[in-house]
Structure formats: structure tokens, C-alpha cells
Amino acid sequence: MSGPVRILVSSCLLGEKVRYDGGHKRDPFLVDTLGQFVEYVPVCPEVECGLPTPREAMHLVGNPADPHLVAIKTDADCTGRMKRWAHGKLSELEGLELCGYICKKGSPSSGMERVPVYGGSGIPSRVGAGMFTKAFMERFPLIPVEEEGRLRNPDLRERFVVRMFTLRRFRDAIRRGRARGTLVEFHTSHKLLLLAHGRPLYAEMGKLVARAKELPLEELYRRYQRLLLEALRRRATPARCADALLHAMGYLRPLLSPDEKRELLEAIEQHRNRLTPLVVPVTLTRHYARKFDVVYLNRQAFLNPHPVERMLQNHV
Ligand code: SF4
């Protein structure tokens, strides 16, 4: 990869003492593991919009679709201040080529979902996003966003890691120069990965690539990126991964001995039935692809992710 995997992250998760009570919420996985391989851009919306530390705790109040950010004890309304700052901050982030955003769960400024919004009855409805994160997701709807707690779930973490690394690879392809050939190359090398996330969007992307010459390059890349990130949002279920691996096995069949075929098929079906992790049939397929020098398979991102991407996917 030529560019950094740059991730926006809530500052308190990195151990910075920026919380309303002067404390932090250091997350060991983010700091000690992920932090070795990505470039963090820390953000604390409450401090950066001009509030002191320590400060009064805040919550969201009013209409869940457009709530106010209000101090719990004094009722001081910080909505205007936060929105003005967020507007400028988002423009600043525009040029950073962010590959993801990891935010603090439950925060009225930074939470991604189910942040309590208090109505007139005093009973919260858990339907909101924190004020800054909501604005971020509206401005950058395609950039993967996750909360630190959800990243402890292996499935969600794997999906987030794959999305951020794929976005980086796509941006690297753009850096090499927008050209129809480059897009076809990218699409071809991501075929197995896309199949593992579901056929319908893969088919739609294939149609888009096939009519590449009919669209201006800018428009072509914009549409492709939208479909790419939408496709990766879907879960790569064991059944879909097994189907993608069977597709790969089609390239190996003429080269494998009956015993090797049986062994590979068994590993794929065991994964389909959730008896083995994905890494088992993927490693075996990669081994045969290298042994028999099957160029098409050796170029597949699904079989050959970046070593860091592979390590993070399998990190428990
Ligand atoms: S949750 Fe967000 S606003 Fe609150 S301290 Fe952390 S980074 Fe700052």
C-alpha cells in the first residue's frame, strides 16, 4: 500500500484525559494492537469546540432527528458551538483520505448509535448518534465507522478491518491514476472478496465495469466506490466464503491430485458448516495457488490480504 491507513479516533480512547470528569477511556486493542499499524487522527469534539476539562456532563435532548446538546445540571445549550466547530472540522478532514472512524460508544458527541436522547417525559429513547459523529456520517457516508466496544466482536472487527484496508487499496489505485484499465484490474483482484460479501452487488459492479467506456471517469469511480463500500458492509457469511472458495477451487481442479482436491473440499465445507475458521481453507487455497503459480488467484485480495490486515482479522 502506498498511503497510510488513516483512522479518525475519539481521543479519550487513546488514553488522553479529555473526558468531562478529567479521565480517559483507553482501549488496549486500539492503542497496543491496531495503533501499531494505522495512523490515528485523534478528535475530541467537546474539547475542540472549546469546552474545558473537566466540564459538566452533557446529554442529548429533544427531537431525536435533530436533538440539542445540553449540559445536564445547568441546562447550558452547546448545540450551536458544537455544530459550528463540526462544520469546520469536517472540511478539514475532507483531504485526509480517512479509511475509517472509531468512536466512543454512548457519548452525546461521539457515539455512533443508540445514544440516549431525552424527551419531555425524561425517558430516553435510544435512537440517536452523537452530534459530531452524526455530522461525520452525513458528510462521509461511505467511510466505515465503528464504536470501540463493537470492535471486540470478531465478526464486526473483521468487517471493519476489511473495509478500511480495501478502501486504502482503492485509494491507492486512484493515486496511480484514474483509468478504466486500473478499475478493471482492481475489480478483478477483488472478485473473491466481493463474492464472499454477496453476489448481487458483485454482479452490479461487474455491469458497471463492463460499461466503463460509457461513463466519464470521475462518475465511474464515484459509482464504483459507492457499490464497493456498500458491498463490504454486508457480512461475509461462512456460506458465501465457502462459495467464493469453491469458485477459486475451479482454477485449481486440473492441477490438484485427487487427495489434494478432497482435502481442500473438506476444509471448505467444514468452514461452511462453521467447524473451522476461514483462515484454514484460505491458507490451503493460497498454498496451492502459490505452488502451481496460478496468477489469477495469487492476485486475489481475499486470499492475499496485506499481512497486517490478515493479522488483525485473526486477532482474538
Ligand atoms: S467521548 Fe468524544 S467528546 Fe467525550 S471525551 Fe471522548 S472524544 Fe471527547
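How many bridges join strand β1 to strand β5, and do the two run parallel or antiparallel? Some notes from going through this one, keeping in mind that it's a predicted model.

1. To take that question straight away: β1 (residues 6-10) and β5 (residues 100-103) are joined by three bridges, and the strands run parallel. If you want one pair to look at, start from I7, whose bridge partner in β5 is G100.

2. That pair belongs to an open sheet of four strands, ordered β2-β1-β5-β8, and the pairing is parallel. At the edges you'll find β2 (39-43) and β8 (145-147); each has a single partner strand, so one side of each is left without a neighbour in the sheet. As for twist, neighbouring strands here are turned by 25° against each other on average, direction ignored.

3. On to the domains. The assignment splits the protein chain into domain 1 (6-51 + 79-115 + 129-152), domain 2 (154-233) and domain 3 (238-311). Note that domain 1 is written as three segments, whereas domain 2 and domain 3 are each given as a single range.

4. Now for how domain 2 meets domain 3. Their C-alpha centres lie 21 Å apart, and twelve residues of domain 2 are in contact with 14 residues of domain 3.

5. Which helix gives the most to the side of domain 2 that touches domain 3? It's α7, with five residues. Both α5 (154-175) and α7 (191-196) supply at least two residues there. By class, this side of domain 2 has six nonpolar residues, along with four polar and two charged ones.

How values were computed: Residues numbered from 1 in each chain as written. Predicted model: local features only at pLDDT ≥ 70, side-chain atom pairs only at ≥ 80, totals over all residues. Domains from an automatic or database assignment. Contact = placed C-beta atoms within 7 Å. Nonpolar A, V, L, I, M, F, W, Y, C, P; charged D, E, K, R; others polar. Pairing = 2+ DSSP bridges. Axes fitted to C-alpha atoms, helices over the stretch in contact; angles between N-to-C directions.
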